[in-house]
Amino acid sequence: MSTGKIAIVGAGPSGCFLAQSLLKAAPELEVDLIDRLPVPYGLVRYGVAADHQGTKAVARQFARVFDRQGAEFHGNVTLGADVTLEALQGAYDAVVLAAGLSNDRPLDVPGAALPGVWGAGLITRALYDHPDAGTLPDLGPRPLIVGNGNVAIDLLRLLAKQPEELEGSDLGPVATDWLTQSGIEEITITGRSPAAQAKFDTVMIKELAKLSGVTIHVEGAGSSEDAAEAKKIEAVLALNGHATGPRRVTFRFGLAPLAVEGDDHVTGMRFKTDAGEETLPCTSVLTAIGFCADGQLPRDALLARAQDIEAGVLAPGLYATGWFRRGPRGTIPENRADAQALASRILADLTPDPAKPGRAVLADLDARVDYAGWTRIDAHETATAPEGRVRAKIARREEMLRRAREEES
Amino acid sequence: MKITILYGTETGNAEMLAEDIQSELENDHEVDCLNLSDMGAGDFDPSRFYLLVCSTYGDGELPASAQPFAEAVAAEKPDLSAIKFAIFGLGDSEYEETFNFGPKTLAELMQAQGATQIGERIAHDASGPDMAEDLAFPWAEAVISEAAEAMGEDA
Ligand SMILES: Cc1cc2nc3c(=O)[nH]c(=O)nc-3n(C[C@H](O)[C@H](O)[C@H](O)COP(=O)(O)OP(=O)(O)OC[C@H]3O[C@@H](n4cnc5c(N)ncnc54)[C@H](O)[C@@H]3O)c2cc1C
Ligand SMILES: Cc1cc2nc3c(=O)[nH]c(=O)nc-3n(C[C@H](O)[C@H](O)[C@H](O)COP(=O)(O)O)c2cc1C
């Protein structure tokens with residue numbers, strides 16, 4: 001007997017952790033995870049770096065949510081295009097928006113629209129074979145990264161790596177060739193704040209000390225009395241002089257973007273510094289300064305009218321969690337804590353209406369991919385992994401759909 | 001044997017493993033499974049054997065769910081001299097310098113209060129080829145028979 005029907009939009013970590021918590025507390029619930037992609041796990045698959053497979057192992061837990069806990073996956077279904085929010089609200093006792101934030105927050109300075117300025121989300125999606133990604137752009141010999149968060153460091157590390165350092169990753173052949181043939185001579189990474197307040201985690205910095213083909217310079221790391229800040233500065237400074245190869249990596253701090261320079265393409269980036277202004281020449285600008293909503297869902301309006309945004313309650317029976325609720329901050333564990341708290345709240349609020357049709361509202365969507373379909377994609381991807389890779393991701397949506405439908409022989 | 005599995009986790013991998021170990025042992029033993037966040041420093045029972053399953057976070061630190069427990073043990077200094085435990089770690093060798101430091105910290109903390117560790121600290125590597133349960137089930141079986149002997153019980 002069902003004790004309620006819940007639709008979760010977005011099968012990323014937030015949605016999966018939420019389903020896990022809900023079904024742990026109330027195993028009879030009907031929980032449906034709806035995702036616009038034919039494949040689940042959101043940024044675990046398309047954001048977490050290809051060379052951080054250990055972090056991706058959290059997907060094993062998520063697989064259990066479908067395998068053992070009885071949640072259903074409804075992939076290739078876009079809320080706002082294939083089904084409306086109103087339709088879901090009419091069909092389910094509770095609807096949860098866990099759709100993340102997928103667009104790059106734009107750099108708000110003159111010249112930001114020049115060719116040669118690329119968002120980190122755009123680049124990482126293309127690197128990781130996201131089906132909606134474009135082709136990887138030419139960065140030229142001297143890309144400059146704007147931003148000092150973990151995403152910026154991921155980008156830096158991948159751009160700095162030698163081909164053999166990508167062993168054991170799931171980076172595809174196109175991305176691998178692109179990195180191998182990038183011709184990058186120098187990567188500059190700039191942060192608006194001093195090193196002491198940089199958002200990156202110290203471990204992300206320490207990992208750079210393993211790079212085998214770079215010479216690292218750290219300029220103006222500053223100092224701090226605060227123990228945690230001092231530890232961060234110490235980690236950055238420890239990289240200074242790390243010399244294992246010719247590709248130069250330069251860390252700069254306290255540089256506030258003023259303008260992207262160039263006529264028909266990026267030629268440099270002008271910053272405000274403590275001392276005045278400074279222009280750094282570069283051949284491309286990679287912005288890693290956060291993410292925002294993609295406009296498919298009326299996030300701003302929903303959040304503005306939210307009943308209790310801290311608790312994730314947008315309106316009676318309508319909830320939000322993860323990056324969609326909190327903004328583009330926080331790692332996978334934070335989404336778990338968020339989802340666990342929301343699960344308790346939903347269960348407390350839930351008043352099941354047996355007349356609600358639940359997943360029948362999705363029945364006419366013929367192109368839906370179910371969990372069995374994803375396992376066929378997954379099996380194909382792992383079985384066809386080339387030497388030195390753990391997976392060969394299918395990059396094209398049509399091929400995903402074809403594999404998903406293929407009956408096992 | 002009466003067994004309590006205690007897990008310290010941040011993204012839930014240790015919790016999943018703890019539950020798997022519980023299912024694996026349940027037929028032959030009386031097994032509880034508890035998050036370290038729900039365990040008080042004074043809650044130990046000498047008639048039970050404790051299996052600790054714990055990950056590592058940050059720069060070699062304990063995961064969030066183990067931190068309040070560790071602080072409580074350090075502050076309250078309970079006498080654990082009658083307590084026997086074994087410990088299994090979840091880590092990632094990508095974090096070379098601090099691989100499995102969390103469980104190491106936890107084991108040292110228990111030992112500092114007089115608890116006896118049974119068996120070696122075993123570590124799962126998230127970047128390695130093994131499934132955690134493939135290492136943990138044989139480990140659990142081995143430490144349980146060793147503990148049974150030490151506690152004068154049938155395994
Ligand atoms: C490049 C990058 C690297 C990162 N690396 C790490 C890391 O190493 N470790 C770590 O802990 N954290 C990392 N993070 C952070 C982590 O990815 C996030 O905390 C987490 O993914 C947020 O989870 P979420 O479920 O809220 O969003 P997401 O993971 O973005 O999931 C949202 C899901 O919703 C779906 N969706 C969106 N719109 C719709 C719609 N209209 N209809 C249906 N479905 C929709 C999407 O397809 C997606 O599957 C990284 C983030 C980025 C961007
Ligand atoms: C931010 C971060 C830091 C980590 N630091 C370490 C570390 O220092 N040493 C280690 O062995 N593992 C480290 N790990 C790996 C985790 O311990 C490993 O992924 C484990 O499976 C997580 O288990 P949990 O889900 O139970 O917390 C880290 C993981 C993350 C995401």
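## Exercises on two sheets and a ligand site

Six strands of chain A build an open sheet with mixed pairing, running in the order β3-β2-β1-β4-β17-β16. Keep in mind as you work that this is a predicted model.

**Exercise 1.** Find out which strands stand at the edges of this six-strand sheet in chain A, then look at how β4 and β17 of chain A pair.

*Solution.* Start at the two ends of the strand order. There you meet β3 (72–75) and β16 (313–315) of chain A; each has a single partner strand, so one side of each is left without a neighbour in the sheet. Next, consider the twist: on average, and ignoring direction, neighbouring strands of this sheet are turned by 25° against each other. Now move to β4 (residues 94–97) and β17 (residues 318–320) of chain A, which pair in the parallel sense over three bridges. To see this pairing at residue level, look for Val96(A), which has Tyr319(A) of β17(A) opposite.

**Exercise 2.** Work out the pairing sense of the open sheet β11-β12-β13 in chain A, and find the residue of β13(A) that stands opposite Lys272(A).

*Solution.* Begin with the sheet as a whole: its three strands follow the order β11-β12-β13, and the pairing is antiparallel. The edges are β11 (256–261) and β13 (276–281) of chain A, and because each has a single partner strand, one side of each lacks a neighbour in the sheet. Neighbouring strands here are turned by 25° against each other on average, direction ignored. Then take β12 (residues 268–273) of chain A, which pairs with β13(A) over six bridges in the antiparallel sense. Along this pairing, the residue opposite Lys272(A) is Glu277(A).

**Exercise 3.** Describe the surroundings of ligand 2: which residues come nearest, and how much of its accessible area does the protein cover?

*Solution.* First list the neighbours. There are 18 residues around ligand 2, and those that come nearest are Thr9(B), Thr11(B), Ala14(B), Thr98(B) and Asn100(B). Second, check the oxygen atoms of the ligand. One oxygen atom of ligand 2 is 2.5 Å from a side-chain N or O atom of Thr9(B), and for the side chain of Thr11(B) such a distance is 2.4 Å. Asn100(B) takes part through its backbone, with an N or O atom 2.7 Å from an oxygen atom of ligand 2. Third, turn to coverage: on its own ligand 2 has 640 Å² of accessible area, and the protein covers 91% of that. Finally, sort the shell by class to get five nonpolar, 11 polar and two charged residues. In chain B, α1 (13–25) and β4 (84–91) each supply at least two of the shell residues.

Notes. Residues are numbered from 1 along each chain as its sequence is written. Chains are lettered from A and ligands numbered from 1 in the order in which they are written. This is a predicted model: local features need pLDDT of at least 70, side-chain atom pairs count only at pLDDT 80 or more; totals for chains, interfaces and linings use all residues. Side-chain values use heavy atoms; hydrogens and water are left out. A residue is near a molecule or strand if one of its heavy atoms lies within 4 Å of it. A polar contact is a pair of N or O atoms within 3.5 Å; within protein, one must be able to donate a hydrogen and the other to accept it, and residues adjacent in sequence count only if both atoms are side-chain atoms. Accessible areas come from the Shrake-Rupley method with a 1.4 Å probe; for residues, only the protein chains shown count as cover. Helices (H or I, at least four residues) and strands (E, at least two) are DSSP runs, numbered from the N terminus. Ala, Val, Leu, Ile, Met, Phe, Trp, Tyr, Cys and Pro count as nonpolar, Asp, Glu, Lys and Arg as charged, and the others, Gly among them, as polar. Two strands pair if DSSP finds at least two bridges between them. Axes are lines fitted to C-alpha atoms, for helices over the stretch in contact, and angles run from 0 to 180 degrees between N-to-C directions.
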